[in-house]
Amino acid sequence: CFTIPIFTRLITFLQRAQSSQEAPNFSIPAYSIQAILILVAPALFAASIYMELGRIILLTDGEQHSIIRKKWLTKIFVIGDVISFCLQAAGGGIMATGTISALEAGEHITIAGLVIQILFFGFFIIVSITFNIRMNRVPTSQSMVSSNPWKKHLHALYGGSALILIRSIFRLIEYAQGNDGYLISHE
């Protein structure tokens, strides 16, 4: 991933900065790292949600009801997440350099990462809903077992997915508005 040099640059900047010598900009490195980590964290949560759907499909023996074969399900969505994660982290790292041109370029890269995340995650939600509808229409013998809690897990998956999607859309709007936008100045 091409974000490693950006994180290396951030760490080097932090190591050079000494609290007694960096005033009045003493909080810029900490703020930058915080902003990057908050920005990319949902991609990691999304990866666990992708794996959860794979486990539900395995638990119900319902691969025939999924749009995407179980073998490819997690791989496809995690690849989308990795691309999104790298773009968001790179954009955040570029914004941390502090120049106006870097700030604008970083915002565009971050927005691209958020759009990719929303597209992949939206497709994942469609795959999940389609699986659920098909399982309800033609249940498998494993899904009919009373001790099989697959519906509870699927509802938890929907709840987590909704929160991640709302957060991603909020961040997309926030970054699209820019540094003087309403959301970032009133958050």
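1. Leu 183 is a convenient place to begin. Setting aside residues up to four places away in sequence, Leu 183 touches Phe 170, Ile 173, Glu 174 and Gln 177. The residue belongs to helix H6, which spans residues 182-186. Its relative accessible area is 18%, and because buried means under 20%, Leu 183 counts as buried. The C-alpha atoms of Leu 183 and Arg 171 are 8.9 Å apart, with their positions 12 residues apart along the chain.

2. The reader should keep in mind that the model is predicted. The protein chain contains six helices and zero strands. Read from the N terminus, the order of its elements is therefore written α-α-α-α-α-α under the DSSP assignment. The chain has 187 residues, of which 37% count as buried. Where contacts join residues at least 6 apart in sequence, 73% of them link residues at least 24 apart.

3. Two helix pairs deserve comment, beginning with H3 and H4. The axes of H3 and H4 come within 7 Å and cross at roughly 160°. Angles over 145 degrees count as roughly antiparallel, and H3 and H4 are therefore roughly antiparallel to each other. Their crossing is left-handed.

4. The second pair is H4 and H5. These helices pack at an angle of about 155°, and their axes lie 9 Å apart. That angle makes H4 roughly antiparallel to H5. The crossing of H4 and H5 is also described as left-handed.

5. Which residues of the largest nonpolar core touch the most other members? The core has 19 residues, and those with the most contacts to other members are Leu 53, Leu 73, Phe 77, Phe 121, Phe 124, Phe 131 and Leu 157. At least two residues of this core come from each of helix H2 (28-60), helix H3 (70-95), H4 and H5. Leu 53 illustrates the arrangement: residues up to four places away in sequence aside, Leu 53 touches Leu 73, Phe 124, Val 127, Ser 128, Phe 131, Leu 154 and Leu 157.

6. Trp 150 lies in helix H5. At 3% relative accessibility, Trp 150 counts as buried. Apart from neighbours within four places in sequence, Trp 150 is in contact with Ile 56, Leu 59, Thr 60, Phe 131, Asn 132, Met 135, Asn 136 and Ser 143. The C-alpha atoms of Trp 150 and Leu 53 are separated by 9.6 Å, although the two residues are 97 apart along the chain.

7. The loop between helix H4 (100-137) and helix H5 (150-177) holds Ser 143. Is Ser 143 buried or exposed? Its relative accessible area is 10%, so Ser 143 is buried. A polar atom of the Ser 143 side chain lies 2.7 Å from the backbone oxygen of Thr 140. Beyond residues up to four places away in sequence, Ser 143 touches Thr 60, Met 135, Asn 148 and Trp 150.

8. Asn 148 is placed in the loop between H4 and H5. With a relative accessible area of 12%, Asn 148 is buried. Not counting residues up to four places away in sequence, the contacts of Asn 148 are Leu 59, Thr 60, Gln 142 and Ser 143. Thr 60 thus links several of these points, because contact means heavy atoms within 4.5 Å: Thr 60 is touched by Ser 143, by Asn 148 and by Trp 150.

9. Asp 61 is found in the loop between H2 and H3. Its phi is near 55°, a positive value in a residue other than glycine. The relative accessible area of Asp 61 is 52%, and because exposed means over 50%, Asp 61 counts as exposed.

10. Ala 105 is part of helix H4. How is Ala 105 classed at 32% relative accessibility? Ala 105 counts as partly exposed, because this class lies between the limits of 20% and 50%. The C-alpha atoms of Ala 105 and Gly 91 are 7.3 Å apart, and the two residues are 14 apart along the chain.

Conventions
Residues numbered from 1 in each chain as written. Predicted model: local features only at pLDDT ≥ 70, side-chain atom pairs only at ≥ 80, totals over all residues. Heavy atoms only, no water. Helix = DSSP H or I, 4+ residues; strand = E, 2+ residues; numbered from the N terminus. Buried < 20%, exposed > 50% of the residue type's maximum accessible area, 1.4 Å probe, protein only. Polar contact = N/O pair within 3.5 Å; in protein donor to acceptor, adjacent residues only side chain to side chain. Core = buried A, V, L, I, M, F, W, Y, C linked by side-chain atoms within 4.5 Å. Axes fitted to C-alpha atoms, helices over the stretch in contact; angles between N-to-C directions. Parallel < 35°, antiparallel > 145°, perpendicular 65-115°, else oblique. Left-handed = near helix turned anticlockwise from the far one by under 90°.
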